[in-house]
Amino acid sequence: MIRAVIIDDERLARAELKRMLAAHIEIEIVGEAANIDEAQRAIDATNPDLIFLDVQMPGGSGFDLLERLDWVPNVIFTTAFDAYALKAFEVNALDYLHKPIEPKRLAAALDRAIGQYKISQSPVLQSQRPKRADEKIFIKDGERCWFVALADIMLFESEGNYARVYFQSGLQTQRPLMLRSLNQLEERLDKSHFFRANRRQIVNLNFIGDVGPTESGGLAITLQNDLRIELSRRRAAEFKDISSL
Amino acid sequence: MARQSLNERVTNEMNVIIPDLQTLSGQNRNYWICQFAGWGSVAAFFTWVFGSMMPAGYVTMGVIYSWGAFTGIVLSHGWRLLLKRRRWFSRNSRPPWLGIAAMILLLGTLQALLVGLGFFVLRPPGMGANNWDWLPSAIGGWVMIFAVWTSLYSYTISSRRRRHLEAEALRLELYAKDAELRALQAQVNPHFFFNSLNSVRALIFENQHAAAQMIDQLAGIMRYTLQSNENATVSLAREMEAVNAYLAIEKLRFEDRLTASIDIETGLAEVLIPPMAVQTLVENAVKYGVERNHAGSEIRITAKRMAGHIEIEVANQGAITQAATAKESTQLGLENARKRLAIMTDAKADLQLSESDGWVRAVITLPEKKGAAR
């Protein structure tokens, strides 16, 4: 069963989507919301696998909601006519449905969502939710948006109240800013994948290319994209513990 | 004012300025009148001057200078044909003054020799000198005359060209205005249209009668919007029909979040406004007052007669949001409505957006005269 939440400010629009989803027995609707505050509560309460998200809503857009979430479920956007808003997604494949929603398109979008759900539910990846590396976060920096799997993120770097997120997208390294402190991020990142290298950086262990000693007795890590990160002596000891495991 | 009439106006104003093809022959006739009058005067002048001075008398001089007028007309007409073919005065670049001066010198010399031939043939008494002493002063005189001829000709040509350019500029301006008006005509708001279709589909399963009614209203709005491009003005009553249908549909979408009240003072039903002017403001009010706000908003539409003008007000609860509006279509819609009002009333109408006591008010002010159109 895929557990889904419907988020749309119009009652009739929600009713219509519910009616259409009734034909898909693998989807269970666990919540409904008419604005992004309600939506956040519903998502926190039900931990859905999938959300249907209207782009334009009173009090905040669908994007505002996603930015607030610590992790994002699979998202299918529903929109009447927002070509402009959806252009923000340049790289990430994302699903959106135009209202009125065609049953065929809905079925295709659900197929994809179910496919992703099955992968995430496979025993290999199955683990406690807040630590899953296939989890995605939503980043909106200016006009551009990304859904990024935690597993694809190489490095978080502190910039005041923001964190710069380094990840590979195609051949380019993207480095947008997100409104999260490094401490907030550290709390919810999986310790077996992400290592707090110093005050300013959290590094993804899977992206470490080379490690060597520094003159001050610490360690210098080189990431696969040639970013160099220095570890203090204390952190270096921790790092050795982790990497020897 | 039917929209065709703008085109008619363009044509009318052009006719005042640009003589059409028929008057081209008029131009030619004027040319010949000037030629004969000019050279005739020259001949008359010389006949009078030399006839009174010389013993030969007026008759002989008259004959010689009639001949001179004839050769002058022939030479200057040839000169005109050359000027026309080379377009020395009618193109945009500077005329080749040196070539023109040389031609004037040549024409003056030829004319002096031809008139001299007349003297040689008739040999008037007292002027039978067999030397060429007379030639330089004769050439000088005729060169002067051809120079005057040429400058009159170039002045005529260039002033005619200037009139053409002015007319052309005016024509372009009017066409630009027309095109602008066309571009400003309201279009179906796609966001509204698709959301409405979505609501209708939901309604079909909930309440078939309401769904049928909604389709009627939607069709009404579509038709009204599409037809609005055909007329430059529409009565307030007709516009309000569309506004009512629109509000009924939005009421189905937004339910309790939208309430509307309409108060049109009696006697204002036939006031003429640009089509979609009020509708655009109501769409704006719904977008910013209702759609962006959980609690929704009341929308108040009022039209009343004030001292010397008519005010149509569309108000919604909320605040003017300045940020992020530049790109949005309704902001453009507002700007368009303003421009259409200005074009329709020669800038005598006004559209103002203001905020007070938690209400955003958009007010159209129209001159009192019914159908403020020109």
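**Exercise 1. Describe how S14(A) and strand S15 of chain A pair, and place them in their sheet.**

S14(A) and S15(A) (residues 219-223) are joined by five bridges in the antiparallel sense; two strands pair if DSSP finds at least two bridges between them. Strands here are DSSP runs of E with at least two residues, and helices are runs of H or I with at least four, numbered from the N terminus. The model is predicted: local features need pLDDT of at least 70, side-chain atom pairs count only at pLDDT 80 or more, and totals for chains, interfaces and linings use all residues. Residues are numbered from 1 along each chain as its sequence is written, with chains lettered from A and ligands numbered from 1 in the order in which they are written.

Step 1. Take Asp210(A): its bridge partner in S15(A) is Thr222(A).

Step 2. Extend to the sheet, which is open, with three antiparallel strands in the order S14-S15-S16 of chain A. Its edge strands, S14 (208-213) and S16 (228-231), each pair on one side only.

**Exercise 2. Find which residues of H7(B) are buried and which are exposed.**

Step 1. Apply the cut-offs: a residue is buried if 20 or more other C-beta atoms, placed from the backbone, lie within 10 Å of its own, exposed if 12 or fewer, and partly exposed in between.

Step 2. Met214(B), Gln217(B), Leu218(B), Ile221(B), Tyr224(B) and Thr225(B) are the buried residues of H7(B). They cover an arc of only 130 degrees around the axis (taken from the directions from the helix axis to the C-beta atoms), which puts them on the same side of H7(B).

Step 3. The exposed residues Gln208(B), His209(B), Asp216(B), Ala219(B) and Arg223(B) lie on the other side of H7(B).
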